[in-house]
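Work through the exercises below with the sequence and the structure side by side. Try each task before you read its solution.

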Amino acid sequence: MNRGTGVMQDGGSSKGRVDPDFPLTHVPATARQGLWSVSIILLGFTFFTPTMLAGARLATAFPFAELLQIIIFGSLLLAGYVGVLSVIGARTGLTTVLMSRYTLGHYGAKWADLLLGGTQVGWYGVTAGVMGSLVAVALGAESIVVTKMLVILAGVLMGITAYYGYKGMELLSAVSVPLLLIMAVWVTLRAVAEVGGWTGLLAMQPQNSMSLAAAITVIVGTFASGGTQAPNWTRFARTSGIAFWAAVIAFLFGNGAMLFFGAVGSTAYPDSQGDFVNILYEMGLIVWGVIFLVLNLWTTNDNAAYAFGVAGAEFFNVPNKKPFVVAGVAIGTLLAVAGIDQALIPWLVALGVLIPPLGGAIIGDYFFVWRQQLPSLDRVQFRAVRWDAVLAYLLGTEAAQWSSSAGILVPPLVGIVIAALAVPALRAVFLGLGRAQDHRIAEEPIPPEPA
């Protein structure tokens, strides 16, 4: 496979560029950001109430000292995976779905669009439904009509920052993340006091049981799917080091903190199940509970809207994410009004098996096939489908499914590792059979096809 020179620095022709978020090309050097900017967006992504519920689940199964070690180890694995993908995103300046073109081919990448974009539309609907319903409870206005109106309002509001792209999400996260962190730390300290301080917390004994593998799976699974799309934002990082440390800050410290806060909260307030919104309600702090809920879910859901926006742009080859953000928000909000949060969760959980192997295939392709040198998009004549990489992805998916069904190892990690190693192995097999799946690389940019 011919090697390229790396990231295209000019971001493509200004004539064809519609969206300043560069959904169909490399992010140019002029649009790159520093550590604070990238970190604050990823922290807003990982500050997510359901992660606290995962921490609450773990707290019932392990002594607290052991639980801390499990949270640290699981978060390290998650941060390592996302960190590698984030580095690739920064070096190439590409979204996850555009990187999928190199790995899966032109039409193979459409599967990535449907998988990643479709998942985020579903999550958007679930989150909008949860926000509207809980705000209705807090306001004491739980009629069907009022609840549905609040769900619609939540769906529309959370799409606004995604519509304005990276800068809109950065502004929201810069305001909300510090406030969320302050509230979470304060509630955690109150919770520790409720159980007799740190000594009392460490003396708590588990009430249920869970295997170590299952516990690590819960932690990695909280954001294995979402983390696969981290390049959507780390492609704006000024350097690969910034991208890596932003991922570590968000997925080791941010996601780990949410697990820790949820574990402590559920120990002190069992009825809350680790949900800080419920804890604040129990304390009588309804207004702060609503503020925490809205900011917590909004900073994650606008990332979901952004993700299906760039996936839609790639799928239809339109250099503008905005119409797809609007369409996705509309679909997600309609799903929320229809009560999709009650029906979609099992499907979304199943996608946790399907998505991480895609990240594994991209990692294996970038390091072992392209040798960290992707040519710019305008120099590549993409094959319709790269069957060696597609088969590697399917092998990783099957391995993750086997691991999940057998209860052995950590399914997302199994899928990632198998897919990554299978990419170069299967490429060698296809080359040996005389069926090379490489794309054609031109020495000069390929002129665009006439409209």
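**Exercise 1. Place Gln372 and describe its backbone and exposure.**

Solution. Start with the location. Gln372 sits in the loop between α16 (356–369) and β1 (380–381). Next, the backbone. Gln372 is not a glycine, yet its phi is positive, about 65°. Last, the exposure. The model is predicted, and in it Gln372 has a relative accessible area of 35%. Buried would need a value under 20%, exposed one over 50%. Gln372 is therefore partly exposed.

**Exercise 2. Do the same for Asn317.**

Solution. Asn317 belongs to the loop between α13 and α14 (322–337). Its phi is positive too, at about 55°, although Asn317 is not a glycine. With a relative accessible area of 46%, Asn317 counts as partly exposed.

**Exercise 3. Find the helix that holds Phe292, then list what Phe292 touches.**

Solution. Phe292 lies in helix α13, which covers residues 286–316. Its relative accessibility is 1%, so Phe292 is buried. Now look for contacts, leaving out residues up to four places away in sequence. Phe292 touches Thr49, Met52, Leu180, Met183, Ala184, Phe276, Val277 and Leu280. Finish with a distance. Phe292 and Gln205 are 87 residues apart in sequence, and their C-alpha atoms are 30 Å apart in space.

**Exercise 4. How many aromatic pairs does the whole structure hold, and what is the geometry of Phe45 with Phe223?**

Solution. The search of the whole structure finds 17 aromatic pairs. Two values describe such a pair: the distance of the centres and the angle of the planes. For Phe45 and Phe223 the centres are 5.1 Å apart and the planes meet at 75°. An angle over 60 degrees counts as edge-to-face, and the pair of Phe45 and Phe223 is edge-to-face.

Now place the two rings. Phe45 is in helix α1 (residues 35–46) and Phe223 in helix α9 (residues 212–227), so the pair ties together parts that are 178 residues apart in sequence. Both Phe45 and Phe223 are buried.

Compare another pair. Phe244 and Trp245 are also edge-to-face, with 5.3 Å from centre to centre and 80° between the planes. Phe244 is partly exposed, at a relative accessible area of 30%.

Widen the view. Phe45 and Phe223 belong to one aromatic cluster with Phe48, Trp233, Phe251 and Tyr306.

**Exercise 5. Is Ala214 buried, partly exposed or exposed, and how far from Pro445 does it lie?**

Solution. Ala214 is found in helix α9. Its relative accessible area is 29%, so Ala214 is partly exposed. Take the C-alpha atoms of Ala214 and Pro445. They are separated by 49 Å, with the two positions 231 residues apart along the chain.

**Exercise 6. Examine Ser133 and Leu334, with Val151 as a reference.**

Solution. Begin with Ser133. Its place is in helix α5 (residues 108–139). At 30% relative accessibility, Ser133 is partly exposed. Beyond its neighbours within four places in sequence, Ser133 is in contact with Thr147 and Val151. The C-alpha atoms of Ser133 and Ser39 are 30 Å apart, and the two residues are 94 places apart along the chain.

Turn to Leu334. Leu334 lies in helix α14. With a relative accessible area of 61%, Leu334 is exposed. Leu334 and Val151 are 183 residues apart in sequence, but 9.2 Å apart in space, C-alpha to C-alpha.

**Exercise 7. Describe the protein as a whole.**

Solution. Count the elements. The protein has 18 helices and 2 strands. Check the compactness next. The radius of gyration is 22 Å, close to the 22 Å of the globule rule for 451 residues, so the protein is as compact as a globular protein of that length. The C-alpha trace spans about 70 × 45 × 40 Å along its principal axes.

Then turn to burial and contacts. Of the 451 residues, 59% are buried. Among contacts between residues at least 6 apart in sequence, 84% join residues at least 24 apart.

End with the surface and the charges. The accessible surface comes to about 18100 Å², and carbon and sulfur atoms account for 68% of it. The protein has 22 positive and 22 negative charges, whose mean positions are 10 Å apart.

How values were computed: Residues numbered from 1 in each chain as written. Predicted model: local features only at pLDDT ≥ 70, side-chain atom pairs only at ≥ 80, totals over all residues. Heavy atoms only, no water. Helix = DSSP H or I, 4+ residues; strand = E, 2+ residues; numbered from the N terminus. Rg over C-alpha atoms; globule rule 2.2 N^0.38 Å. Buried < 20%, exposed > 50% of the residue type's maximum accessible area, 1.4 Å probe, protein only. Contact = heavy atoms within 4.5 Å. Areas by Shrake-Rupley, 256 points an atom, 1.4 Å probe, with all protein chains shown as cover. Lys, Arg positive; Asp, Glu negative; His and termini not counted. Charge placed at Lys NZ, Arg CZ, Asp CG, Glu CD. Phe/Tyr/Trp six-rings, centres within 6.5 Å; stacked < 30°, edge-to-face > 60°.
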